[in-house]
Amino acid sequence: MMNLAHFRPKIVNAAKGYNSQTFVRDLSSGITVGVIALPLAIAFAIASGLKPEAGLISAVIGGFLISVFGGSKVQIGGPAGAFVVIVYAIVERYGVPNLILSTFFAGVLLFTMGLFRVGNLIRFIPVAIIIGFTSGIAVLIGLSQIKDAFGLQIEKLPADFFSQIHAFYQYANTANLYALMIALSTLVLIIVWPKVSSLIARAWHPISFVPGIIVALLSITILVYILDIPVETIGSRFGELPNQIPSPKMPALNWETAKQLFAPTLTIAILGAIESLLCARVADNLSDDKHDPNQELMGQGIANMVVPFFGGLPVTGTIARTATNAKAGAKTPVSGVIHAVVILLIMIIAAPFASHIPMPCLAGILIYIAWNMFDRTEFKRLKQFHITYQLILLGTFFLTIIFDLTVAVQVGLVLACIFFIYRISSLTRIEKLELPESFTHEDDLPLNDSFDLKNSVEAYGIYGSLFFGAVDKVEDLFNPQDPNRLKPKVIILEMHQLINIDTSGIDALKALSKSLNKHGGQLLVCCANSQPSSLMVRSGFIDEIGPENSLETLETAFERAKKLSAEACKVNVGS
């Protein structure tokens with residue numbers, strides 16, 4: 001339900017009891033994560049087909065707004081690897097102005113989702129789909145960095161998978177050995193640094209807080225600059241980075257193109273929601289807190305409505321930076337605000353230095369990030385899971401790589417729904433119940449040779465859920481066209497283990513009742529739980545069969561069946 005009274009960012013709660021000791025913890029963690037976020041923001045922007053400053057602007061403005069208006073205590077927002085493939089495809093197909101519009105409308109959608117309090121619904125997306133598309137995105141990010149890692153002279157890298165593979169093959173002879181050595185050196189430094197820093201930390205403890213990405217970026221950039229190694233840099237490709245935040249601009253609206261942005265907008269919004277709420281859950285585990293999913297979506301929405309007008313790209317919660325922030329000791333969203341200020345200060349002061357960063361070095365960093373995004377553990381133990389889980393995960397994974405994320409998520413959700421329906425329908429059972437011994441005592445009834453009281457009554461217990469995927473099990477109870485099937489006069493349905501029923505289940509019961517009535521029979525129901533009982537009354541089903549044929553216990557249902565059978569027996573004898 002929409003209610004602005006629920007708009008209460010986490011930073012408001014943090015203001016209560018805020019002291020200098022907490023500020024020192026937030027300041028330290030904010031500076032740490034701000035330094036780490038800088039190269040990642042640049043790398044994600046370039047990988048998305050945008051200028052480096054787009055990533056910096058997004059990290060500054062988006063990171064600031066998400067921390068101020070979000071619903072998580074230590075979450076860090078900004079450009080994320082998950083958006084790289086989507087943004088690149090939108091820029092390639094629709095251009096940067098339409099990316100701005102798409103991001104803005106995604107922000108509106110995110111804010112609306114939070115306002116109507118549907119944040120909890122995001123967790124209903126199966127984990128197999130999330131792992132599938134996240135790992136697929138990781139493969140695409142790694143693939144997109146081959147051009148810079150090998151120094152290939154490809155003017156414009158295509159957006160789709162097979163075209164990229166063809167381009168790499170076509171331009172393989174343009175590879176630059178220096179670029180490859182720089183990319184490999186970057187990867188080696190990032191991987192080896194934690195072990196090296198742990199040894200150095202015995203003598204100088206602060207070194208343990210310096211991340212390998214920063215060490216690799218600084219050392220490789222300085223080495224390339226001093227030795228004048230002939231590789232492409234940020235400056236040689238994009239020019240010098242700006243040292244200020246630009247003024248907001250309104251893009252020209254092309255309505256014909258904007259009408260085609262529904263799918264990209266929805267993809268940005270859904271992916272932003274999933275990533276931010278997954279990140280918030282990680283933050284909860286690390287900070288012993290509980291996030292507000294709806295406030296988080298509203299914060300994400302505000303950030304994505306503002307960032308694009310400054311030339312930024314979509315922003316969301318970032319798991320790696322959030323984890324770093326929490327482990328560095330952050331206590332409140334103030335650390336996220338400080339992280340944004342740190343990036344802005346570095347942008348103002350050190351923009352000329354950033355222009356010297358080698359493109360192969362950034363490619364190595366992104367390949368490392370992609371490697372960590374790929375859920376290798378889940379793929380290794382995939383054979384332990386059911387075939388349906390495997391199909392959903394692998395289907396989403398390959399569709400993300402071959403087609404795009406929108407198609408992958410749509411197909412993944414459809415598969416998940418189909419398999420869920422199949423699984424629930426397989427759990428729904430209808431089993432025949434034994435009749436009591438009283439049905440064998442027929443001495444007091446005027447029977448003829450052609451009438452059998454015991455065979456005139458059948459009782460069944462329904463277990464599970466009687467919904468549209470399981471109605472065929474009710475339809476099979478009475479088939480007047482089957483010559484080998486006895487035609488009972490009374491069918492009892494015992495429902496104490498029926499969890500729920502939907503309108504399709506009600507329709508199946510009505511059809512069964514009508515079919516019985518046509519052949520002089522009667523349907524009885526008994527022991528129904530609250531939900532089935534309520535729907536059977538509201539749908540008019542109880543009125544159709546008669547209130548006297550809806551019983552509270554199985555014993556009374558048997559007595560009612562015996563009475564109806566006796567009456568049918570007398571009629572049969574009289575005829």
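In the predicted model, Phe 7 is in contact with Phe 69, Phe 111, Gln 295, Met 298 and Ile 302, leaving aside neighbours within four places in sequence. Phe 7 is found in the segment before helix 1 (10-14). One of these contacts links distant parts of the chain: Phe 7 and Gln 295 are 288 residues apart in sequence, and their C-alpha atoms are separated by 6.3 Å. Phe 7 counts as partly exposed, because its relative accessibility is 27%, a value that falls between the limits of 20% for buried and 50% for exposed.

Two helix pairs were examined. Packed helices are described by the angle between their axes and the distance between the axes. Helix 4 (residues 84-94) packs on helix 5 (residues 96-115) at an angle of about 130°, and their axes are 7 Å apart. Helix 4 is therefore oblique to helix 5. Their crossing is right-handed. On the side of helix 4, the meeting residues are Val 87, Ile 90, Val 91 and Tyr 94. Helix 5 contributes Val 96, Asn 98, Leu 99 and Ser 102.

The second pair is formed by helix 9 and helix 17 (residues 359-373), which pack at about 45° with axes 8 Å apart. Helix 9 is thus oblique to helix 17. The crossing of helix 9 and helix 17 is right-handed. Helix 9 makes the contact through Ala 179, Ile 182, Ala 183, Thr 186, Leu 187, Ile 190 and Ile 191. The residues of helix 17 in this contact are Pro 360, Cys 361, Gly 364, Ile 365, Ile 367 and Tyr 368.

Thr 186 illustrates this contact at the level of one residue. Thr 186 is found in helix 9 (residues 177-200). Not counting residues up to four places away in sequence, Thr 186 touches Cys 361, Gly 364 and Ile 365, and also Ala 216 and Ile 220. The relative accessible area of Thr 186 is 0%, so this residue is buried.

Helix 15 (residues 319-327) has Arg 321, Thr 322, Ala 323, Asn 325 and Ala 326 as its buried residues. These buried residues pack against helix 2 (20-47), strand 1 (77-78), helix 13 (262-287) and helix 16 (334-354). Gly 329 follows helix 15. The phi of Gly 329 is positive, near 105°.

Further along the chain lies a sheet. It is open and consists of five strands in the order 3-4-5-6-7, with mixed pairing. Strand 3 (429-433) and strand 7 (550-551) stand at the edges. Each has a single partner strand, so one side of each is left without a neighbour in the sheet. Strands of a sheet pair through backbone hydrogen bonds, either parallel or antiparallel.

Both senses occur at strand 4. Strand 3 pairs with strand 4 (residues 457-466) in the antiparallel sense over five bridges. Across this pair, Glu 431 stands opposite Gly 461, and Leu 433 stands opposite Ala 459. Strand 4 and strand 5 pair in the parallel sense over nine bridges. Here the bridge partner of Ala 459 is Ile 492 in strand 5. Ala 459 therefore faces Leu 433 on one pairing and Ile 492 on the other. Strand 4 is largely enclosed by the rest of the structure, because ten of its ten residues are buried.The cysteines were checked last. The count comes to zero disulfides. Cys 526 is in no disulfide, although the sulfur of Cys 527, the nearest cysteine sulfur, is 3.7 Å away. That spacing does not meet the criterion, because a disulfide needs sulfur atoms within 2.5 Å. Cys 526 is buried, with a relative accessible area of 1%. Cys 417, in contrast, is partly exposed, at a relative accessible area of 44%.

Conventions: Residues numbered from 1 in each chain as written. Predicted model: local features only at pLDDT ≥ 70, side-chain atom pairs only at ≥ 80, totals over all residues. Heavy atoms only, no water. Helix = DSSP H or I, 4+ residues; strand = E, 2+ residues; numbered from the N terminus. Buried < 20%, exposed > 50% of the residue type's maximum accessible area, 1.4 Å probe, protein only. Contact = heavy atoms within 4.5 Å. Pairing = 2+ DSSP bridges. Axes fitted to C-alpha atoms, helices over the stretch in contact; angles between N-to-C directions. Parallel < 35°, antiparallel > 145°, perpendicular 65-115°, else oblique. Left-handed = near helix turned anticlockwise from the far one by under 90°.
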